[in-house]
Amino acid sequence: MDGIPVAHTDTAPPPWPNQVLGFPPGARLLLVNCDDFGMHPAINAAVVESIKEGIAASCSLMTVCPAAADAMRLLRRHSAIPFGVHLTLVCESSHLRWGPLSPADTVPSLLDPSGTFFEPTPAGRAALLERARPDEIETEFRAQIDAVADAGLSPTHLDFHCLADGGRADILDLTVGLAAEYGLAVRVWLEPGRREMRRRGCPSSTMTSWTVSPCRQKARPSITDGCSTTCRPGSASGPSTPLPAGGPRLSTAGGRYAVRTMRS
């Protein structure tokens, strides 16, 4: 991706996306993230090998899946692997189903008649997005993020399973708010979402992007797969909101980043 300057309302222009990653503005970067970590032990093994021995830079963990505990065990063993939370509101198929981490009676709008998540078919996604309540989505997303924190792990980002940008503008906005609260990144996939992030004055490009929330400036910003930066909603910069006293502090610091430059 080529660095592209974006509009910014403050007097100081935002950094170019590549500069946030520590590269020249014109550098073309390829970063690879492995989704569906936690779905199956074989997938878990392949993801770890892809990061340790291949070109992948990070992965995304599905905390609702049967092999999530195995995935988190591997993350504790390989603590340098950057990983995100693969926020999940749909199952994988009619033959591979799962439900929420939250008690079912607290998130009924997210469940199909069988009591599990909807299938990721066009009809299944449409049914979910038509009925899903934002407060119940937030409840489930917090449960999925907190499951990682309760395991003593520190994710770097949030992204979505089979729902580009969450499937609805309000779901993306809710997720950006959670990212700001937890000090995490969030994937922005579609142009409307990227355009909104640029409107908020954050570095972005015209390519599929990741965002880091909320504009945390460190010696080496921990963007695992990306080309844009998202600020706290309503703010162009500022520190992340601290978690309640005594709670775990999730951090985007640290990790190994396999950034490969590409010739034009």
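This report describes the fold, the helix packing and the salt bridges of a predicted model.

## Overall architecture

The protein chain contains seven helices and eight strands. Of its 264 residues, 52% count as buried. Among the contacts in the protein chain with a separation of 6 or more, 68% are between residues 24 or more positions apart.

## Strands 2 and 3

Strand 2 covers residues 33-37, and four of its five residues are buried, so the strand is largely enclosed by the rest of the structure. Its pairing with strand 3 (residues 58-61) is parallel and extends over three bridges. One point of this pairing is Asn-33, whose bridge partner in strand 3 is Ser-58. Between the two strands the chain passes through helix 2 (residues 41-53), and the resulting β-α-β crossover is right-handed.

## Strand 5 and its neighbours

Strand 5 spans residues 157-160. His-157 and Asp-159 point one way from this strand, Leu-158 and Phe-160 point the other way, and all are buried. Strand 5 runs parallel to strand 4 (residues 83-87), to which it is joined by four bridges. Within that pairing, Leu-87 has Phe-160 as its bridge partner in strand 5.

Strand 5 also pairs with strand 6 (residues 185-188), again in the parallel sense, over two bridges. Here the bridge partner of His-157 is Ala-185 in strand 6. The chain crosses from strand 5 to strand 6 through helix 6, forming a right-handed β-α-β crossover.

Asp-159, one of the buried residues of strand 5, also takes part in a network of salt bridges that links it with Asp-35 and Arg-187. By residue number, Asp-35 belongs to strand 2 (residues 33-37), and Arg-187 belongs to strand 6 (residues 185-188).

## Helix 4: a buried and an exposed face

Helix 4 comprises residues 122-131, and its buried residues are Gly-124, Leu-128 and Leu-129. Viewed down the helix axis, these buried residues fall within an arc of 125°, so they line one face of helix 4. The face turned away from this buried side carries the exposed residues Pro-122, Ala-123 and Glu-130. Helix 6 is included in what covers the buried residues of helix 4.

## Surroundings of Arg-168

Arg-168 is located in the loop between strand 5 and helix 6. Not counting residues up to four places away in sequence, Arg-168 touches Leu-129, Ala-132, Pro-134 and Ile-137. Of these, Leu-129 is one of the buried residues of helix 4.

The side chain of Arg-168 also forms a salt bridge with that of Asp-170, with an N to O distance of 2.9 Å. The two side chains are likewise joined by a polar contact of 2.9 Å. Asp-170 is partly exposed, with a relative accessible area of 34%.

## Salt bridges between and within helices

A search of the whole structure finds 13 salt bridges. One of them joins the side chains of Arg-142 and Glu-181, at an N to O distance of 2.8 Å. Arg-142 lies in helix 5 (residues 134-150) and Glu-181 in helix 6 (residues 169-182), so this pair ties together parts that are 39 residues apart in sequence. Both partners are partly exposed: the relative accessible area is 24% for Arg-142 and 22% for Glu-181.

A further salt bridge is found between Glu-196 and Arg-199, where the closest N and O atoms are 2.7 Å apart. These two residues are three positions apart in helix 7 (residues 191-199), a separation of about one helical turn. Glu-196 counts as partly exposed, at 23% relative accessibility, whereas Arg-199 is exposed, with a relative accessible area of 58%.

## Connections involving helix 6

Several of the features above involve helix 6. This helix provides the crossover from strand 5 to strand 6, and it is included in the cover over the buried residues of helix 4. Its residue Glu-181 is tied to Arg-142 of helix 5, through a salt bridge between their side chains. The loop that carries Arg-168 lies between strand 5 and helix 6, and the salt-bridge partner of Arg-168 is Asp-170, a residue within the 169-182 range of helix 6.

Methods. Residues are numbered from 1 along each chain as its sequence is written. This is a predicted model: local features need pLDDT of at least 70, side-chain atom pairs count only at pLDDT 80 or more; totals for chains, interfaces and linings use all residues. Side-chain values use heavy atoms; hydrogens and water are left out. A salt bridge is a side-chain nitrogen of Lys or Arg within 4 Å of a carboxyl oxygen of Asp or Glu. Buried means under 20% relative accessible area, exposed over 50%, partly exposed in between (1.4 Å probe, protein chains only). A polar contact is a pair of N or O atoms within 3.5 Å; within protein, one must be able to donate a hydrogen and the other to accept it, and residues adjacent in sequence count only if both atoms are side-chain atoms. Contact means heavy atoms within 4.5 Å. The arc is that of the directions from the helix axis to the C-beta atoms. Two strands pair if DSSP finds at least two bridges between them. A crossover is right-handed if, with the strands pointing away from the viewer, the path from the first strand over the helix to the second runs clockwise.
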